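Visitor: I should like a close look at a single part of this protein, namely its largest nonpolar core, together with what surrounds that part. Please take the account in connected steps.

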Amino acid sequence: MSRFVQFLLVSIMLAPSGAKAAQATCIENKAALLELDFMSFDQDFEGGWRAVADTPGCKPEAVKLIEAYQQQRTDLSDGMKHTLRVHQAQLHAELGHNEAAIALFRQSYKPDEQDRSGWNPYMDATIAFIKKDKPKLVDAIARLKAVPRPEGFDPRDAEGNPIEVPWPPNLTIVESYLRCFDMNYVEVNVEGQCPRPKNDETAD
């Protein structure tokens, strides 16, 4: 064996794996991230846990970061915890951790009397899509479509101008689940591989 070949073999064995190299750069200052207020941690699309999740190979670390944030912070409202739980579930689903995702999605259901926007049918549809249960998906979509628009629903922008907001929320998403039923969660929700219907933004 030549010295050059020996050098290559040694270099390959000593080089860090792609996963380990990626993981080493996922979170530079975890303590600082855990000290962020809720809006900075969860709603900043270029910071907080999202910056970690958007780094190649770092979604598993983003899941752990959200869990650590919920455990450390005692100032989170029930609504904040609900939002974090859903985002953690979505990351699990993107990673293909279906059982963990479904368990968290199920924890996010609202009491029926408080569900005025069809959140529970949306969760039913998401779980049915992950489990590849088409009858339950079709049923959930029908129930979501039947959610009535609240009286006085008048969305406006920051300057007070009326804006068009689709009703019910998340209908486009769940219809994409049915339209692209054979795809997986990350393809439909993240990678955008599910095409929109022709001449319309939503499926009939």
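**The largest nonpolar core and its surroundings**

Guide: In this predicted model, the largest nonpolar core holds 29 residues, and those that touch the most other members are Phe 105, Leu 137, Val 174, Tyr 177 and Tyr 185. At least two residues of this core come from each of α7 (78-94), α8 (98-107), α9 (119-131), α10 (134-145), α11 (171-179) and α12 (185-189). The most is given by α9, which supplies eight residues. In soluble globular proteins, nonpolar side chains tend to be buried together.

Val 174 offers a way into the detail. Neighbours within four places in sequence aside, Val 174 is in contact with Tyr 122, Ala 125, Leu 137, Ile 141 and Leu 144. Val 174 belongs to α11, where Leu 171, Val 174, Glu 175, Ser 176 and Tyr 177 are buried. The partners against which the buried residues of α11 pack are α9, α10 and α12.

Another core lies apart from the largest one; it has 18 residues, including Val 52, Ala 62, Ala 68 and Leu 76.

The stretch that follows α11 carries a disulfide. Cys 180 and Cys 194 are joined with their sulfur atoms 2.0 Å apart, and the link is right-handed, with 85 degrees about the S-S bond. Cys 180 sits in the loop between α11 and α12, whereas Cys 194 sits in the segment after α12, so the pair links distant parts of the chain, 14 residues apart. Both ends are covered: Cys 180 is buried at a relative accessible area of 8%, and Cys 194 is buried at 11%.

The loop between α9 and α10 contains Lys 132. With a relative accessible area of 37%, Lys 132 is partly exposed. Leaving aside neighbours within four places in sequence, Lys 132 is in contact with Phe 181, Asp 182 and Met 183. Of these, Met 183 is 51 residues from Lys 132 in sequence, yet the two C-alpha atoms are 9.7 Å apart in space.

Charged side chains may be considered next. Side chains of opposite charge can pair when their charged atoms come close. Asp 124, Asp 139 and Arg 143 are linked in a network of salt bridges. The count of salt bridges in the protein is seven. Another of them pairs Arg 156 with Asp 154, the closest N and O atoms being 2.9 Å apart. Arg 156 is partly exposed, with a relative accessible area of 43%, and Asp 154 also counts as partly exposed, at 43% relative accessibility.

A salt bridge also reaches α7, one of the helices that supply the largest core. Lys 59 pairs with Glu 94, with 2.8 Å between the closest N and O atoms. Lys 59 is in helix α6 and Glu 94 in helix α7, so that this pair links distant parts of the chain, 35 residues apart. Within helix α6 there is a further pair, Lys 64 with Glu 61, whose closest N and O atoms are 3.6 Å apart. Because Lys 64 and Glu 61 are three residues apart in helix α6, about one helical turn separates them. An α-helix has 3.6 residues a turn, so residues three or four places apart point the same way. The two partners nevertheless fall into separate classes of accessibility: Lys 64 counts as exposed at 53%, while Glu 61 is buried at 16%.

The protein has two disulfides, and the other one joins Cys 26 to Cys 58, S to S 2.0 Å. The torsion about the S-S bond of Cys 26 and Cys 58 is about -90 degrees, so this disulfide is left-handed. Cys 26 lies in the loop between α2 (18-24) and α3 (30-34), and Cys 58 in the loop between α5 (48-53) and α6 (59-72); the pair therefore ties together parts that are 32 residues apart in sequence. Cys 26 counts as buried at 7% relative accessibility, as does Cys 58 at 0%. With bonded cysteines counted along the chain, the disulfides follow the pattern 1-2, 3-4.

The wider setting completes the account. The protein has twelve helices and zero strands, and buried residues make up 36% of its 204 residues. Among contacts with a separation of 6 or more, 55% are between residues 24 or more positions apart. The accessible surface comes to about 12,800 Å², and carbon and sulfur atoms account for 53% of it.

Notes. Residues are numbered from 1 along each chain as its sequence is written. This is a predicted model: local features need pLDDT of at least 70, side-chain atom pairs count only at pLDDT 80 or more; totals for chains, interfaces and linings use all residues. Side-chain values use heavy atoms; hydrogens and water are left out. Helices (H or I, at least four residues) and strands (E, at least two) are DSSP runs, numbered from the N terminus. Buried means under 20% relative accessible area, exposed over 50%, partly exposed in between (1.4 Å probe, protein chains only). Contact means heavy atoms within 4.5 Å. Accessible areas come from the Shrake-Rupley method with a 1.4 Å probe; for residues, only the protein chains shown count as cover. A nonpolar core is a set of buried Ala, Val, Leu, Ile, Met, Phe, Trp, Tyr and Cys residues joined through side-chain atoms within 4.5 Å. A disulfide is a pair of cysteine sulfur atoms within 2.5 Å. A salt bridge is a side-chain nitrogen of Lys or Arg within 4 Å of a carboxyl oxygen of Asp or Glu.
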